[in-house]
Amino acid sequence: MKAGNEGQAITGMAGNTITGTGEKPQTLLGADELVLNMGPQHPSTHGVLRVKLKLDGERVIGSECMIGYLHRGVEKIAEHRSYQQFAPYVDRMDYVAAVSNGLGYCEAIEKLLMVEAPPRARVIRTILTELQRIASHLLWLGTHALDIGALTPLFYCFREREEILKIFEKYCGARLTTHAFRIGGLQYEAYDTLEKDVERFCKAFEPRIKDYEDLLTGNRIWLGRTKGVGILSAKDAIALGATGPVLRASGVKWDIRKAMPYAAYDQYKFEIPVGTTGDTYDRYMVRMEEMRQSRLICLQAIENIPSGPIMAKVGKVLKPPPGEVYHAIEAPKGELGYYVVSDGTVQPYRVRIRPPSFVNLQSFDYMAKGHLVADVVAIIGTLDIVLGEVDR
Amino acid sequence: MRAKFGTALVEAIEDRKQAIVTVECGRLGEVAQYLRDEEKFDLLSDLTAVDWPKREKRFDVVLNLYSFAKNERLRVKVRAGDGEQVPSVAGVWPTANWLEREAFDMFGIIFAGHPNLTRILLPDEWQGYPLRKDYDIIEQDTGWVRENLGIESGQ
């Protein structure tokens, strides 16, 4: 019962500030609270996030996220497309990690069809998805550091990200919205030098992570801007549904790749980094370590790519038997779930996408309370949201 | 669970190795509290709905739960008719706050006891609930073109 009461306290707090119907909050100097609009056209909101901040001087006493500017009705579109036709749409949600989105969707439909992708396809999927995780974290690191005022990491990060995008381009012809996988396996066989390219990238990447850390980890300005900012305790993180690096930085050792392995993750050794205090600095450290671990997974995977077919036996027209499936993967931003209901026809009856960014963004109000306006920028950055996925 | 809730448990099945239980709509709050405190399903992964317009109670409200202690997922469903109130679980899992707002936005399902049940993705003045099966996209398109461009849509 104790836990229940505390859970309610969070809602209560958020509820009051969001509706603004409660009594006027008492400000420090007795002055009226100031409502400041931030976004949707603001460089630090990473797209079209609009935040209404209630301020007491420079301190945030409440906030409300206004989302939906990028709503395209993806879930409605899915009901009017065949299973294969919808696959490219999922790339447009988290558009900086399209490969992960595609993996989640393809695996969900495979589960619905009760087929499994062949081992070779699963290993190649794992390699590409881990590269995508590195690319997504690099983009996060560059822009997050830029928001806080460090200009240099952006150029370094984009330099390395470019190498990963080149591998994607060689593999499937696209850099961002890749549509790399197909339901049942892969459409394309790995190109001849894939292993070599991945190996070269991984070898070159290790000293680069050290470069980023040299710039930031011990940097006094970086520490001042991130330590103790946006603290989320493990209990609150779970209550607010936060997943991925946000949850792990709060000290919860949970990663779907380990807890419920998919693709070929059960074959590789890797660690799950966790934080202790759950502040912005911990989330930074967790993501840095995740890049190292992803690199190790890639190196293990290229050593032994099994031979064999790359597609399971699935028909040209997919008609999954009636039923439903919820399949979640560990996307770079957290738990990415697909809940698909089939009524036995060629089109899905319902596709629900559980986006990590949308749910993680919900903890923003909780994290921002009591901080300065400048910290809001750091907190938006540390949540690593992509508005394409928040709004769908 | 059956022993505890008896008739409130409408159905319990397994589909493709996933546990799915359907409970009576009115007792969702009670069941949610029990699942979180006693069965340790402390993470609400997802809350959504499915529309079955031909059924008497047209909506399925679907909760996907996860338990860290057991490393298990559980799906809880309730059936609700049009306009029927579904008890909000935002007091049990605060993450349900936005998820229920989205279900309200897209399906028009009313969650009783929700702290702030307003539209979240669509503008407040939006008419209709897009993810309902009778919300026809072609009709929307023709309507918009006629109203805003003054011509007949070519679709």
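Here is a chat about a predicted model with chains A and B.

Me: What makes strand β8 of chain A count as mostly covered?
Reply: A residue counts as buried once 20 or more other C-beta atoms lie within 10 Å of its own. In β8(A), residues 350-354, that label goes to 5 of 5 residues. So by that cut-off the strand is mostly covered.

Me: Which residues cover which side of β8(A)?
Reply: Arg350(A), Arg352(A) and Arg354(A) sit on one side, with Val351(A) and Ile353(A) on the other, and they are all buried. Side chains in a regular strand alternate between the two faces of the sheet.

Me: How do you know that β7(A) and β8(A) are paired?
Reply: Pairing needs at least two bridges. β7(A), residues 334-342, is joined to β8(A) by 5 bridges, and the two run antiparallel. So they pass the cut-off for a pair. One of the matches puts Tyr339(A) with Arg352(A) as its bridge partner.

Me: What about β1, β2 and β3 of chain A: how many bridges join β1(A) to β2(A), and how many link β2(A) to β3(A)?
Reply: β1(A), residues 34-38, shares 5 bridges with β2(A), running antiparallel. There, Val35(A) stands opposite Lys54(A). β2(A) and β3(A) have 7 bridges, also in the antiparallel sense. Leu53(A) has Ser63(A) as its bridge partner in β3(A). With at least two bridges as the requirement, both pairings hold, so each is called a pair.

Me: What lies between β2(A) and β3(A) in their hairpin?
Reply: There are 2 residues between them, and Gly57(A) in the turn has a positive phi of about 65°.

Me: Where are the domains of chain A?
Reply: Domain 1 covers 2-66 and domain 2 covers 74-391. Their C-alpha centres lie 29 Å apart. The contact between them takes 20 residues from domain 1 of chain A and 22 residues from domain 2 of chain A. On the domain 1 side, α1 (2-19), β2 (50-56) and β3 (59-66) of chain A each give two or more residues. The largest share of that side, 6 residues, belongs to β3(A). By class, the domain 1 side has 10 nonpolar, 8 polar and 2 charged residues.

Me: What is in the largest nonpolar core?
Reply: The core has 145 residues. Among those with the most contacts inside it are Ile109(A), Val340(A) and Ile109(B). Helix α5 of chain A, residues 119-148, gives the largest share, 14 residues.

Me: Why is the core said to lie between domain 1 and domain 2 of chain A?
Reply: Because both domains, 2-66 and 74-391, give residues to this core.

Me: Which residues does Ile109(A) touch?
Reply: Leaving aside residues up to four places away in sequence, Ile109(A) touches Tyr83(A), Ile183(A) and Val340(A).

Me: What makes helix α15 of chain A mostly covered?
Reply: In α15(A), residues 373-383, 9 of 11 residues are buried. Among them are Asp375(A), Val376(A), Ile379(A) and Leu383(A). Just after the helix, Asp384(A) takes a positive phi of about 55°.

Me: And helix α4 of chain B: mostly covered or hardly covered?
Reply: Hardly covered: among its 13 residues, the count of buried ones is 0. With 20 or more neighbouring C-beta atoms as the mark for buried, none of the helix gets there, so the description fits.

Me: How do you know that α4(B) is close to its expected span?
Reply: α4(B), residues 137-149, reaches 17 Å from its first C-alpha to its last, close to the 18 Å expected at 1.5 Å a residue. Right after α4(B), Gly150(B) has a positive phi of about 70°.

Me: What does chain B contain?
Reply: Chain B has 4 helices and 7 strands. From the N terminus on, their order is α-β-β-α-β-β-β-β-α-β-α. Its C-alpha trace spans about 60 × 30 × 25 Å along the principal axes. Of its 155 residues, 41% count as buried.

Me: How many residues of each chain take part in the contact between chain A and chain B?
Reply: Chain B gives 34 residues and chain A gives 41 residues. On the chain B side, elements supplying at least two residues include α2 (28-37), β4 (59-67) and α3 (96-107). The largest share, 6 residues, comes from β3(B). That side divides into 17 nonpolar, 10 polar and 7 charged residues.

Technical notes: Residues are numbered from 1 along each chain as its sequence is written. Chains are lettered from A and ligands numbered from 1 in the order in which they are written. This is a predicted model: local features need pLDDT of at least 70, side-chain atom pairs count only at pLDDT 80 or more; totals for chains, interfaces and linings use all residues. A residue is buried if 20 or more other C-beta atoms lie within 10 Å of its own, exposed if 12 or fewer, and partly exposed in between; C-beta atoms are placed from the backbone. Domain bounds come from an automatic or database domain assignment. Two residues are in contact if their C-beta atoms, placed from the backbone, lie within 7 Å. Ala, Val, Leu, Ile, Met, Phe, Trp, Tyr, Cys and Pro count as nonpolar, Asp, Glu, Lys and Arg as charged, and the others, Gly among them, as polar. A nonpolar core is a set of buried Ala, Val, Leu, Ile, Met, Phe, Trp, Tyr and Cys residues joined through C-beta atoms within 7 Å. The expected span of a helix is 1.5 Å times one less than its number of residues.
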